[in-house]
Amino acid sequence: MYHRSFMKWAGNKHGILNQLFDTLPTTSKLIEPFLGSGSVFINSDYNQYLLT
């Protein structure tokens, strides 16, 4: 269903992506303050990203 990150990361959000995408706002830009392995970034479709 979702793409897995190539990195192993403690606290990976891959297992809760369904719940996260239900709560993320419908905007044109995703601000990802806790990038980690990038699971949310890899599986989302925003026009712009701010990854920290």
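I took patches to consist of residues with over 30% relative accessible area and no salt bridge (a side-chain nitrogen of Lys or Arg within 4 Å of a carboxyl oxygen of Asp or Glu), with like charges joined within 9 Å and nonpolar side chains (Val, Leu, Ile, Met, Phe, Trp, Tyr) within 5 Å. The model is predicted: local features need pLDDT of at least 70 and side-chain atom pairs pLDDT 80 or more, while totals for chains, interfaces and linings use all residues. Residues are numbered from 1 along each chain as its sequence is written, and side-chain values use heavy atoms, without hydrogens and water.

**Surface patch.** I found F6, M7 and W9 forming a nonpolar surface patch, together with about 380 Å² of accessible area (Shrake-Rupley method, 1.4 Å probe, only the protein chains shown counting as cover).

**Aromatic pairs.** I searched the whole structure and obtained 3 aromatic pairs (ring centres of Phe, Tyr and Trp, its six-membered ring, within 6.5 Å; planes under 30 degrees apart are stacked, over 60 edge-to-face, the rest tilted). Y2 and F21 form a tilted pair, 5.7 Å centre to centre with 50° between the planes. Y2 lies in the segment before α1 and F21 in helix α1, so this pair ties together parts 19 residues apart in sequence (helices are DSSP runs of H or I, at least four residues; strands, E, at least two; numbered from the N terminus). F41 and Y49 form an edge-to-face pair at 4.8 Å and 90°. Ring pairs link F41, Y46 and Y49 into a cluster.

**N43.** I located N43 in helix α2, residues 39-43. Beyond its neighbours within four places in sequence, N43 is in contact (heavy atoms within 4.5 Å) with Y2, H3, L17 and F21.
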